[in-house]
Amino acid sequence: MGGAHEPLHPHKQMKTSSSSSKGGNHGYFVPRPVCAWLVCGFVALVLLHVLCCTPPGAQEAVLSPLLQYVDDTYNFVSSGPESCNYTEGRWVYAPGHARRYNGTECHVKDSHNCIRNGRPDTGYLDWRWQPAGCRLPSFSARAFLSAVRGKHVAFVGDSMSRNQAQSLVCLLVGAGVPHRVVYRDADPHKFNLWRYAFPTHDVTVSFYWAPFIARATGKALNDSLPQNMNHVHLDALDDRWAADADGMDVVVLSIAHWPLNGAIYYNGSARIGHHGHQELSPEEDIGYAWPMKVAYRMALDRLMTSSGGSGGSSRARAPRTAVIATFSPGHFEGNTLTTMCPRKEPYKEGEKEPRHLDMELVGLVYDEVEAARARNGGGGEAGGGGARVEVLDVTKLAVMRPDGHPGLYMHRDPFAHGGPQPWMSSDCVHFCLPGPVDTFNEILQQTLRTKR
C-alpha cells in the first residue's frame, strides 16, 4: 500500500513464526482495522464527554481547534458555499482564532498595532463570530485569492474602510502569500493611498482615502481643522479613486462617521445645505442621511457604467462587484481616558443591541443597494445586469465587540510614565489588528465566493 513489498511466501512466513516462538517472543499483533476502530471509539467517547459533561464555554474551547480544521478543509475543497445570513449571531470563545498575523510585519497603522503598543490583555483575540443557523468559515488566503484571481480589490472610504483594508492585507501576508508594495504614501504616518500586489494570483489590493466618497476639502484633507469643517461636493466623486474606477473589479465602499460629524454641502459652486453647523441657518440643515444616499448613489452609478478590468490583457472583463459595508459604531463608554472602552470581553447575545441611529444607517445602505440593483436590471449574475451589488452587514457583530478597540493603546506604552498624559486620546472606534475587523473579511470572502 504505497510502497514496494516482497512477494508473499507461505512457507517462509511459517518458518519465521516458528523461529519466533522458539526465541520466546510472544508479542501480540493487533490488525490495523481494529486499531482504527479503537481510536475512533476513543475519540467518540471524548467528544461525548465534552458534549454531555462540560459547560458550553469549555465545549467551545475544546471543539474550536477541530472546527477550525474543518473550516480550513471546507475552504479548500468547496466550490462555493451555500448562502448564509452572517448578520445575526453571537461571539463564541475560540482560543487563538484571531491570532493570525503580526501587525508589525504587515505595516499596519501604528495606532492599531495594539500588541506592539503594549496592550497586556490579548483575550480579544480568542473569539469567533457564530452566525445564527450556519457557520462562518475562517479566512483562507487560498480561497480568497482564488475568488478574486486576476482582479483589483479596492477599498474606498473612511478610516474604518482603511482598518478593513489593512486587515485583508495582513491576513494575506500573514499566510505567507508572496507580495510586493506597489505604492505607499511618501509620509510614513499617512495611509491615504496604498496598493499591494499578490503576483501568484495576479491580485491587487488598494485603499483610497475618501471619507465622503464624494469630492471633499477641509478636515478630510487637513487634520488640523475642526471635525465638522468639511466642504463636500455632491455633484462629483473624489478625484483620486474616481480616476482609477475603471480598473477596479471589486470595490468595497464604507462611510458614515464623517457625514455624522458634519459638513457643508455644495452642488457645483452653490451651497445646498449643511449638517452640524450651528452658526449657519437651521433651515439649511439637511442632515447626514440624504448626503450619504446621494454619495452612494453617485458611486454605484459610476461603478455600474462598465465592467471591471485591471488584470492581464488576456483576461476577459468580468462584471464588477460593488460592496457597501454598514456602519461600525464606536464604544466610548466612559468619561476619562482610562475608562473609555474598558471592557475585556464581547457583549453576550442580547446584552447590547444596536442603537436606533445604527439601524437607520444600516437601512440606508440596504435601500441604496436595492435601488442600485433595480437601476441595474437586478444586479449581479442572477439579474443579468452589469455590476453585482452587495451589502456587507457588520453592524451587529461590531456593536458586540467593545473589547477590540485600541483605547489608550493607540499610543506606545501609555502607562510607562505614571499614567496617560493629558495630550493623549483614546481610540474606541477602530479595531486592533489583528482583531474583530478580520471577521469583516471572513464575511467578504464568503460574499465573493457565493453566487447571487
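**Exercise 1.** Which hand does the link of Cys 106 and Cys 170 have, going by the degrees about the S-S bond?

*Solution.* Keep in mind that this is a predicted model. Start with the bond: the sulfur atoms of Cys 106 and Cys 170 sit 2.0 Å apart, and the two form a disulfide. Now look at the twist: it comes to 95 degrees about the S-S bond, and the link is right-handed. Next, place the two ends. Cys 106 is in the loop between S1 and S2, while Cys 170 belongs to helix H5 (residues 159-174), so the pair ties together parts 64 residues apart in sequence. Finally, check the surroundings: Cys 106 and Cys 170 are both buried.

**Exercise 2.** Work out what the disulfide of Cys 114 and Cys 432 ties together.

*Solution.* First, the distance: 2.0 Å separates the sulfur atoms of Cys 114 and Cys 432. Then the twist: at -90 degrees about the S-S bond, this link is left-handed. Now find the ends. Cys 114 is in the loop between S1 and S2, and Cys 432 is in the loop between helix H11 (395-399) and helix H12 (438-449), so the bond joins parts 318 residues apart in sequence. As for exposure, Cys 114 and Cys 432 are both buried.

**Exercise 3.** Is Cys 84 buried or partly exposed?

*Solution.* Cys 84 pairs with Cys 134 in a disulfide, with 1.6 Å between their sulfur atoms. Buried would need under 20% relative accessible area. Cys 84 has 22% relative accessibility, so Cys 84 counts as partly exposed.

**Exercise 4.** How many disulfides are there, and what pattern do they follow?

*Solution.* The count is 4 disulfides. Number the bonded cysteines along the chain, and the pattern reads 1-4, 2-5, 3-8, 6-7.

Notes: Residues are numbered from 1 along each chain as its sequence is written. This is a predicted model: local features need pLDDT of at least 70, side-chain atom pairs count only at pLDDT 80 or more; totals for chains, interfaces and linings use all residues. Side-chain values use heavy atoms; hydrogens and water are left out. A disulfide is a pair of cysteine sulfur atoms within 2.5 Å. Buried means under 20% relative accessible area, exposed over 50%, partly exposed in between (1.4 Å probe, protein chains only). Helices (H or I, at least four residues) and strands (E, at least two) are DSSP runs, numbered from the N terminus.
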